Amino acid sequence: MSSGTEPAVPDVSRLHPAGGRRSTKRERILGVFLKHEGHLSADDLVALIHREDARISRATVYRTLQWMVDAGVARKVDFGEGRFRFEHSYRHPRHFHLICKSCNRSSEFLSSDIEGLIEEIAAARGFAARQSVLQIYGTCEQCRSGASPRPEPATSEMVFARDAIRIAIATERSGLEFYTRAARATKHVRGRRVFQKLADEERDHLSTLEARYKRLLEQDPELESRPTFLFFKGAANGLFAAGADEVSQGVDDRQALKIGIRCERTSHQFFKRYGGRFEDSEGKQIFLEFADEERRHLDMLLREYIILTKRGTRAKGKKKAGGDRREARGTA
Ligand SMILES: [Zn+2]
Ligand SMILES: [Zn+2]
């Protein structure tokens, strides 16, 4: 497993056999590998292949695995068992592993906070990180409690999509809270209208996201109860929570706008940067669409800030105009 800057995953659909044509051995091995969600040893893959076609040699499977690793289709994972396992990276988000030493099962998770910290440390040491691996060894919940194992996990793509929507929903909720409070705190009619409009937009998007979440759950009734894949501390109360608190403590119109600009920018940057680094998947799509939406909100607030600043300068005379405009740019 890995995270950080990884080579882009090639378009695997192109590697699939074209309709009608008999597939090559490599294509068939690839097909079996991609169908399997999990961590296969080379021997596991050989066994799976032999169920379909006993004539494909072990050496061919090994060679194809190495080719898949080189092409970025497969990731090689060391689970400390003295042999490597392989997982596919096609529509399979990068992740860290929890590995149970009793039953040897592994489960996957990812944390934007851990990834951020790794980047920070690497940057502080002038280190160009290419891949980071985090394996946590111990005893899993089932082995500790004797509970029966959870049903076979859905694809991690779906769990990732679920968590991406949950994070987007948490952010929308905190955004809605922020704009509702900002509209209340703002004295000027025009500014209030802008905040109200943004609150309405957040409400709209919230219901769109909730509908999308429902559609996703329809594909897998167990999805809601599956363990969290993506941990993101900021999502607990959303990226706008601190801003909402500040606004409640009493701010003027300009301060309210500045706080909104700061929150939208943080949110836009987070979703764009974080989403942009994922393998092609619905979760990635959700993050990138959300980043665009935050960008539009940011632009609306910036336009408003400039108008407000101009209005302020007109009232105060021309002398301060340069300074205010500089300030607006600095905030922008
Ligand atoms: Zn894995
Ligand atoms: Zn276990």
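Colleague: Let's start with helix H4. Which of its residues are exposed on the other side, away from the buried ones?

Modeller: In this predicted model, Glu120, Ile121 and Ala124 are exposed there. The buried residues of H4 are Ser112, Glu115 and Ala122.

Colleague: How should I read such a pattern, and where do the buried residues lie around the axis of H4?

Modeller: The general idea is that an α-helix has 3.6 residues a turn, so residues three or four places apart point the same way. In this case, the buried residues of H4 fall within an arc of 90° seen down the axis, so they line one face of the helix.

Colleague: What do the buried residues of H4 pack against?

Modeller: They pack against strands E4, E5 (106-111) and E7 (230-231), together with helix H9 (253-276). H4 itself covers residues 112-124 and reaches 18 Å from its first C-alpha to its last, close to the 18 Å expected at 1.5 Å a residue.

Colleague: Now the metal. Which protein donors does the zinc ion (ligand 2) have, and what is the geometry of its site?

Modeller: As a yardstick, ideal angles are 109.5 degrees for four tetrahedral donors. The zinc ion here has the SG atoms of Cys100, Cys103, Cys140 and Cys143 as donors, 2.2 to 2.3 Å away. Its site is tetrahedral, with angles of 105 to 117° among the 4 donor atoms.

Colleague: How are the donor residues spaced in sequence?

Modeller: The spacing reads C-x2-C-x36-C-x2-C. Cys100 in strand E4 and Cys140 in the loop between strand E6 and helix H5 are 40 residues apart, so this pair links distant parts of the chain. Both Cys100 and Cys140 are buried.

Methods: Residues are numbered from 1 along each chain as its sequence is written. Chains are lettered from A and ligands numbered from 1 in the order in which they are written. This is a predicted model: local features need pLDDT of at least 70, side-chain atom pairs count only at pLDDT 80 or more; totals for chains, interfaces and linings use all residues. Side-chain values use heavy atoms; hydrogens and water are left out. Donors are N, O and S atoms within 2.8 Å of the metal (3.2 Å for Na, K and Ca); water is not among the atoms, so sites may look incomplete. Four donors count as tetrahedral if all angles lie between 85 and 135 degrees; four count as square planar and six as octahedral if opposite donors are over 155 degrees apart and all others between 65 and 115; anything else is irregular. Helices (H or I, at least four residues) and strands (E, at least two) are DSSP runs, numbered from the N terminus. Buried means under 20% relative accessible area, exposed over 50%, partly exposed in between (1.4 Å probe, protein chains only). The expected span of a helix is 1.5 Å times one less than its number of residues. The arc is that of the directions from the helix axis to the C-beta atoms. Contact means heavy atoms within 4.5 Å.
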